[in-house]
Amino acid sequence: MNTILLHSKPLSYRKTFASFIIEWLKIELTVKPLQRKYGSGHFTSEMNHFRLLPPASAGYQFARLLDDTGLKPIPEHESHDLWHIITGYGMSSEDEVAMQAFMYGNGSRSIYCKLFILSGIILPSCWQNFYNAYKRGKNSESILGLNIVTCCHKTVSELKKKIAD
């Protein structure tokens with residue numbers, strides 16, 4: 001009987017629960033430990049500089065993304081937020097997994113990448129999207145070496161040319 005009840009729940013309820021689990025993994029197993037390790041005062045002068053750049057620049061969009069979400073850059077992981085901007089994947093749980101699938105296809109083998117791809121198992125309705133993101137990353141020029149300091153003055157459209165359609 002419990003099996004019947006489980007399968008009778010709307011897909012949106014299961015997807016909402018899965019998104020909650022992925023968000024918890026993101027915050028509790030990734031963001032908070034890294035913030036504890038590195039602190040939160042990192043990148044303050046750079047962020048102030050980025051906010052003054054032209055709106056089409058990667059630096060400005062980087063600062064805006066973090067300001068809009070209330071997040072702070074994490075040392076040695078700033079590229080992650082740049083990847084969101086370049087790939088066009090948002091910060092929702094589904095987009096986070098899709099971006100990590102893209103990055104895996106693009107050559108990343110980090111533990112964080114693997115953790116998020118694995119967490120995508122609980123979103124079966126999105127598996128095709130994750131696979132498409134993986135293929136897109138595999139067919140794109142590598143963005144693994146990009147960082148916000150060297151890319152801050154480049155336009156986002158210039159950086160997006162590295163991404164396969």
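## Histidine 77 and its surroundings

Histidine 77 counts as partly exposed, because its relative accessibility is 24%, a value that lies between the 20% limit for buried and the 50% limit for exposed. Keep in mind as you look around that this is a predicted model. You will find histidine 77 in the loop between helix 4 and helix 5.

Which residues does histidine 77 touch, once neighbours within four places in sequence are left aside? Its contacts are Leu34, Tyr38 and Tyr112. For leucine 34, the separation in sequence is 43 residues, while the C-alpha atoms of histidine 77 and leucine 34 are 8.9 Å apart in space.

## Where helix 3 meets helix 4

Let us turn to the helices. Two packed helices are described by the angle between their axes and the distance between the axes. Helix 3 covers residues 44–51 and helix 4 covers residues 58–69; their axes come within 7 Å and cross at roughly 115 degrees. Helix 3 is therefore roughly perpendicular to helix 4. The crossing of helix 3 past helix 4 is left-handed.

On the helix 3 side, the contact involves Met47, Phe50 and Arg51, and these meet Gly59, Tyr60, Phe62, Ala63, Leu66 and Asp67 of helix 4. By type, the residues of this contact are 6 nonpolar, 1 polar and 2 charged.

## Serine 45 and glutamine 61

Serine 45 sits in helix 3. Is serine 45 buried or exposed? With 52% relative accessibility, serine 45 counts as exposed, because the limit for that class is over 50%. From serine 45 to alanine 98 there are 53 residues in sequence and 31 Å in space, C-alpha to C-alpha.

Glutamine 61 belongs to helix 4. Its C-alpha atom is 16 Å from that of serine 45, and the two residues are 16 apart along the chain. Not counting residues up to four places away in sequence, glutamine 61 touches Pro55, Ile85 and Val156.

## Helix 5 and its two partners

Helix 5 (residues 78–87) packs with helix 4 at an angle of about 100 degrees, and the axes are 10 Å apart. That angle makes helix 4 roughly perpendicular to helix 5. Here Ala58, Gln61, Phe62, Leu65 and Leu66 of helix 4 meet Glu78, Asp81, Leu82, His84 and Ile85 of helix 5. This contact divides into 6 nonpolar, 2 polar and 2 charged residues.

Helix 5 also packs with helix 6, at about 95 degrees and with the axes 11 Å apart. Helix 5 is therefore roughly perpendicular to helix 6. His80, Trp83, His84 and Thr87 are the helix 5 residues in this contact, and Glu96, Met99, Gln100, Phe102 and Met103 are those of helix 6. By type, they are 4 nonpolar, 4 polar and 1 charged.

## The nonpolar core

In soluble globular proteins, nonpolar side chains tend to be buried together. The largest nonpolar core in this model has 35 residues. Which of its members touch the most others? They are Phe50, Phe62, Leu82 and Ile143. Helix 6, residues 93–105, gives the most to this core, contributing 6 residues.

Some of these core residues have appeared above: Phe50 and Phe62 take part in the contact of helix 3 with helix 4, and Leu82 takes part in that of helix 4 with helix 5. As for isoleucine 143, its contacts beyond four places in sequence are Trp83, Ile86, Thr87, Phe102, Met103, Asn106, Lys162 and Ile163. Among them, Trp83 and Thr87 of helix 5 and Phe102 and Met103 of helix 6 also belong to the contact of those two helices.

Note on methods. Residues numbered from 1 in each chain as written. Predicted model: local features only at pLDDT ≥ 70, side-chain atom pairs only at ≥ 80, totals over all residues. Heavy atoms only, no water. Core = buried A, V, L, I, M, F, W, Y, C linked by side-chain atoms within 4.5 Å. Buried < 20%, exposed > 50% of the residue type's maximum accessible area, 1.4 Å probe, protein only. Helix = DSSP H or I, 4+ residues; strand = E, 2+ residues; numbered from the N terminus. Contact = heavy atoms within 4.5 Å. Axes fitted to C-alpha atoms, helices over the stretch in contact; angles between N-to-C directions. Parallel < 35°, antiparallel > 145°, perpendicular 65-115°, else oblique. Left-handed = near helix turned anticlockwise from the far one by under 90°. Nonpolar A, V, L, I, M, F, W, Y, C, P; charged D, E, K, R; others polar.
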